[in-house]
Amino acid sequence: MSITTLQKSDLQEQVIRLKKEKNAVILAHYYQEPEIQEVADFIGDSLELAKKAAQTTADIIVFAGVHFMAETAKILNPSKKVLLPDLKAGCSLAESCPPEAFRELKQKYPDHVVVTYINCSAEIKTLSDIVCTSSNAERIINAIPPDKPIIFAPDKNLGKYLIEKTGRKMLLWDGACIVHEAFSLDKLLELYKAHPQAKIIAHPESEAHILKVANYVGSTSGMLNYVKQSPNHTFIVATEAGILHQMQKDVPEKILIPAPAKEDNTCACSECAFMKMNTLQKLYNCLEKEDPEITLSEDIMHKALIPIERMLQLS
Ligand code: 13P
Ligand code: SF4
């Protein structure tokens with residue numbers, strides 16, 4: 001039977017069989033399709049996924065996420081095969097920071113410590129002093145000696161949020177996430193009027209006016225923990241809609257409402273088109289063929305490992 005005719009459950013069975021046969025591990029981000037999350041060995045936020053990648057004893061890592069996440073796994077495991085179901089699964093933040101332009105900025109401010117959000121290419125990581133994710137960014141910034149000026153890239157929204165939280169002055173790269181910049185404040189406030197008992201929770205990649213009205217701001221895992229621990233019953237969730245799958249599983253009795261996107265957003269549903277490029281079929285195909293594979297030069301891996309390891313030590 002051709003694999004294209006296999007149904008979801010058959011495909012999932014085949015994926016589970018293949019990963020056992022090949023000693024492969026599937027690491028998935030919360031924004032992946034539910035049918036992919038269901039066959040993953042581990043689901044997490046960027047930091048947890050990087051930690052899992054650093055610890056795994058599997059021969060093959062299949063990264064169900066976006067390119068920069070798979071690259072990070074490869075940098076942490078240069079001798080292992082790291083697969084990404086669709087190599088075109090990029091990230092608007094990573095794309096907003098081309099290495100040449102970033103190198104130029106860095107040269108203008110040679111005394112600055114360079115902190116980069118993990119949502120950037122491996123080449124940008126080679127130009128960084130330390131990497132951070134949304135769950136450890138505040139701690140990383142606070143660990144930098146107060147007299148040291150900082151360049152923060154590529155997310156200006158997370159950067160502005162960190163300036164406010166830490167009181168540190170930082171030079172910000174002008175990058176943003178297309179998904180988190182698509183939330184409409186007007187629609188959010190209208191929704192809140194209809195659900196005044198709801199708590200608003202938001203990812204720090206969202207714009208400042210969204211974060212200002214949020215009751216909780218944190219990474220995807222942070223948001224999941226908040227919803228689990230909160231005595232509240234209703235939540236308006238301002239991040240990529242894929243998180244609702246795990247969240248609803250964690251709190252089946254609670255009401256979760258996705259934050260509304262602006263009218264001009266392509267799907268008005270806050271989905272990351274990059275994350276959604278991975279499908280169960282592509283996951284099966286890549287595990288079967290062991291392709292597409294993430295490849296990076298030794299030099300890039302060696303240099304990019306330094307700021308990632310600094311982050312892991314501080315996390
Ligand atoms: P987290 O690290 O919070 O999971 O964020 C990843 C991401 O890409 C958010 O858009
Ligand atoms: Fe990148 Fe935004 Fe998609 Fe996250 S949600 S992978 S930051 S484009």
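Let's start with something that isn't there: zero salt bridges turn up across the interface of domain 1 and domain 2. Keep in mind that this is a predicted model.

So what are these domains? The assignment splits the protein chain into three parts, set out here.

| Domain | Residues |
|---|---|
| domain 1 | 5-89 + 275-295 |
| domain 2 | 93-177 + 300-314 |
| domain 3 | 185-258 |

Back to the interface. Measuring from C-alpha centre to C-alpha centre, domain 1 and domain 2 are 26 Å apart. Where they meet, 15 residues of domain 2 are in contact with twelve residues of domain 1. Together the two domains bury about 1200 Å² between them, and 79% of that area comes from carbon and sulfur atoms. On the domain 1 side, three residues stand out: Leu47, Phe68 and Ile75 provide 51% of what domain 1 buries against domain 2, and no other three residues give more.

Now for ligand 2. Where does ligand 2 sit? You'll find ligand 2 in the largest cavity. Both of the domains we've just met help to surround ligand 2, with domain 1 and domain 2 each giving at least three residues to the shell.

Who are the neighbours? Tyr31, Val66, Cys91, Ser92, Leu93 and Asn119 are among the residues around ligand 2, and the list also includes Cys177, Val179, Glu205, Cys272, Phe274 and Met275. By type, the shell around ligand 2 holds nine nonpolar residues, two polar ones and one charged one.

Conventions. Residues numbered from 1 in each chain as written. Chains lettered and ligands numbered in written order. Predicted model: local features only at pLDDT ≥ 70, side-chain atom pairs only at ≥ 80, totals over all residues. Heavy atoms only, no water. Near = heavy atom within 4 Å. 1 Å grid on protein atoms, 1.4 Å probe; cavity = no way out; pocket = protein on both sides within 12 Å on 5 of 7 lines; lining within 4 Å. Sits in = over half its atoms within 2 Å of the grid points. Nonpolar A, V, L, I, M, F, W, Y, C, P; charged D, E, K, R; others polar. Domains from an automatic or database assignment. Contact = heavy atoms within 4.5 Å. Buried area = accessible area lost by both parts, 1.4 Å probe. Salt bridge = Lys/Arg side-chain N within 4 Å of Asp/Glu carboxyl O.
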